[in-house]
Amino acid sequence: GHEASLIGLGYLGSAQADIFSGEEVLYSAALDNTVRSWDPLSMQCSDVLRESTNTEMSAFAVFKKHRSILTGNDDGSLRMWGIESGQ
């Protein structure tokens, strides 16, 4: 799991998906400058996105329509992550 306190949780799933479909993902962001994706049934981490800057991640949002995650850092910068690409 994370190595620092959580700053946010997010969820992404299709309108028709149920928790057993395999199409649902939970996301968490933490002060360790990572966003992690989780399988909601097994609660196993499936991917880790790492912020490479020396600033602290301080905000987090999941945008279903754009299939992306937005993070904000304490230096005022924003970063848009593509969910499929991780970049």
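Student: Which residue in the turn of the hairpin formed by β3 and β4 has a positive phi?
Tutor: This is a predicted model, in which local features need a pLDDT of at least 70 and side-chain atom pairs count only at pLDDT 80 or more, while totals for chains, interfaces and linings use all residues. Residues are numbered from 1 along each chain as its sequence is written, and side-chain values use heavy atoms, with hydrogens and water left out. Strands are DSSP runs of E with at least two residues, numbered from the N terminus (helices are runs of H or I with at least four). Between β3 and β4 the hairpin has six residues, and the one in the turn with a positive phi, of about 60°, is Met-43.

Student: How many bridges join strand β3 to β4, and in which sense do they pair?
Tutor: Two strands are said to pair if DSSP finds at least two bridges between them. In this hairpin, Arg-36 has Val-48 of β4 as its bridge partner, and Ser-37 has Asp-47 of β4. Strand β3, residues 34-38, pairs with β4 over five bridges, and the sense is antiparallel.

Student: In what order do the four strands of the open sheet lie?
Tutor: Strands of a sheet pair through backbone hydrogen bonds, either parallel or antiparallel. Here the pairing is antiparallel; β1 (6-12) and β4 (45-50) each have a single partner strand, so one side of each edge strand is left without a neighbour in the sheet. The order of the open sheet is β1-β2-β3-β4.

Student: Which residue of β6 stands opposite Phe-63?
Tutor: Strand β5, residues 57-63, pairs with β6 in the antiparallel sense over six bridges. The hairpin of these two strands has four residues between them, among them Arg-67 with a positive phi near 50°. Opposite Phe-63, in β6, stands Ser-68.

Student: How many of the six residues of strand β6 are buried?
Tutor: A residue is buried under 20% relative accessible area, exposed over 50% and partly exposed in between, using a 1.4 Å probe and protein chains only. Strand β6 covers residues 68-73 and is largely enclosed by the rest of the structure, because the number of its six residues that are buried is five.

Student: What is the bridge partner of Thr-71 in β7?
Tutor: Strand β7, residues 78-82, runs antiparallel to β6, and five bridges join the two. Their hairpin has four residues between the strands, and Gly-76 in the turn has a positive phi of about 90°. That glycine, Gly-76, counts as exposed at 62% relative accessibility. For Thr-71, the bridge partner in β7 is Arg-79.

Student: With which residue does Arg-79 form a salt bridge?
Tutor: A salt bridge is a side-chain nitrogen of Lys or Arg within 4 Å of a carboxyl oxygen of Asp or Glu, and a search of the whole structure finds one. In the pair that Arg-79 forms, the closest N and O atoms are 3.4 Å apart. Arg-79 lies in strand β7 and its partner in the loop between β4 and β5, so the pair ties together parts that are 28 residues apart in sequence. Arg-79 is partly exposed, with a relative accessible area of 26%, whereas the buried partner, at 11%, is Glu-51.

Student: Over the face of which residue does Arg-79 lie?
Tutor: A charge sits over a ring if NZ of Lys or CZ of Arg is within 6 Å of the ring centre and within 35 degrees of the ring normal. Arg-79 lies at 3.7 Å from the ring centre, over the face of Trp-81.
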